[in-house]
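Subject: The structure we talked about

Hi,

Here is the structure I promised to pass on. Have a look at it first, and then read my notes underneath.

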Amino acid sequence: MKCWLVVNGFLNSKKFEEIYGFLCRSGKKLGIDVEVKTGADIFCGVNEGFSAFSLPDFVLFWDKDAYTAKRLEEAGLRLFNSAASVELCDNKCLTAMALRGKVKTPETFIAPKTFEGVGFSNLTFLDKAAEKLGYPMVVKEAYGSFGKQVYLVRNRAEAETLVKSFGAKDFLMQKFVETSCGRDVRINVVGEKVVSAMYRHNENDFRSNVTNGGKAENYLPTEEQKTAAIAAAKALGLDFCGVDVLFGEGGEPVIAEVNSNPHFKSTFDCTGIDMSEQILSYVKEQLK
């Protein structure tokens, strides 16, 4: 069985190389020939498609390039995860819309659209959002990873300064879940099953991400947390994912974000569970 592991060719760091190494080693163990391909490696014209390539049996899509993902599917390839799911997860605004009514999420407002060279010249929408969300308020750029594009603004002045710095970027505003400040649970889901989880906490930041200095511990999620994580994965049509679950009032699970290509190395370091093997075993079962 042959697989293309499609990755972003511009993210050249040890952090990403480790993930690709895990997937290649697990593929070899399971009898799957995993070949790493960047978007540049399979670059081709829209009209010619992928006719010049010897196509694999399936694709592990570890990029966020929805254009390439859609074209691969048009060529008849099965993608794990699908182009539609990757696109939904990559854009936090689309994620919030897809999860609405399926799982508990923070109350959310999506900023009105603006354009390059125009910016957000009228900020009355900030006041409307603040009437419901209050301060401090969480502001998230639509695109971002590792918590780097997530901010906590404590008043109108901070919100205005931040939003004006965005230029024309899409973003959303969410209610700050104070009961979960600096802590959450990362739950990894494969094929509608929870395969691992870790508790993350940060004493110096409202974000729990390990990349931002957070600490991680092996964690046994509650049935409610597992149910919420699986429901989020299903709502987004994901074969596998990492779900960030906040602690709401009374411990109620609140879904913060869902990652279609989770950075599971930190989970492995914490739990000893190799998610790459879980993913490829699931894929092999699906393609029988």
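Below is what turned up, starting with a sheet and ending with some backbone oddities.

One thing before you start: this is a predicted model.

**The sheet**

Look for the open sheet of five strands, which come in the order E11-E10-E9-E12-E13. The pairing in this sheet is antiparallel. Strands E11 (215-218) and E13 (253-259) sit at the edges with a single partner strand each, so one side of each has no neighbour in the sheet. If you turn the sheet around on screen, you can check its twist: on average, neighbouring strands are turned by 30° against each other, direction ignored.

Now zoom in on one edge. Strand E12 (residues 240-247) runs antiparallel to E13, and six bridges join the two. For one example, start at Val245 and go across to E13, where its bridge partner is Ile255.

The sheet also has a helix lying on it. Helix H9 (residues 275-286) lies across E9 (183-190), E10 (193-201) and E12, and runs at about 35° to E9.

**Two helices that cross**

Next, go to helix H3 (residues 83-90) and helix H4 (residues 92-99). Their axes are 5 Å apart, and the helices pack at an angle of about 110°. Angles from 65 to 115 degrees count as roughly perpendicular, so that is the word for H3 and H4. Which residues meet there? From H3 they are Glu87, Leu88, Cys89 and Asp90, and from H4 they are Lys92, Leu94, Thr95 and Ala98. Sorted by type, the residues of this contact are four nonpolar, one polar and three charged.

**A pocket**

The second largest pocket has a volume of about 340 Å³. Its lining is made of 16 residues, and those nearest the centre are Lys175, Phe176, Val177, Glu178 and Glu249. The lining is a mix, with seven nonpolar, three polar and six charged residues.

**Backbone oddities**

Finally, three spots to click on:

- The peptide bond from Phe80 to Asn81 is cis, with omega near 0°. Asn81 is in the loop between strand E4 (79-80) and H3.
- Another cis peptide bond, also with omega near 0°, goes from Tyr135 to Pro136. You will find Pro136 in the loop between helix H5 (124-133) and strand E6 (137-141).
- Phe146 is not a glycine, yet its phi is positive, at about 60°. Phe146 belongs to the loop between E6 and strand E7 (150-153).

Happy exploring!

Note on methods
Residues are numbered from 1 along each chain as its sequence is written. This is a predicted model: local features need pLDDT of at least 70, side-chain atom pairs count only at pLDDT 80 or more; totals for chains, interfaces and linings use all residues. Side-chain values use heavy atoms; hydrogens and water are left out. Two strands pair if DSSP finds at least two bridges between them. Helices (H or I, at least four residues) and strands (E, at least two) are DSSP runs, numbered from the N terminus. Axes are lines fitted to C-alpha atoms, for helices over the stretch in contact, and angles run from 0 to 180 degrees between N-to-C directions. Contact means heavy atoms within 4.5 Å. Angles under 35 degrees count as roughly parallel, over 145 as roughly antiparallel, 65 to 115 as roughly perpendicular and the rest as oblique. Ala, Val, Leu, Ile, Met, Phe, Trp, Tyr, Cys and Pro count as nonpolar, Asp, Glu, Lys and Arg as charged, and the others, Gly among them, as polar. On a 1 Å grid over the protein atoms alone, a cavity is a set of points where a 1.4 Å probe fits but cannot get out, and a pocket is an open set with protein on both sides within 12 Å along at least five of seven lines; lining residues have an atom within 4 Å of a point. Grid points are joined across faces, edges and corners, and a volume is the space filled by probe spheres set on the points.
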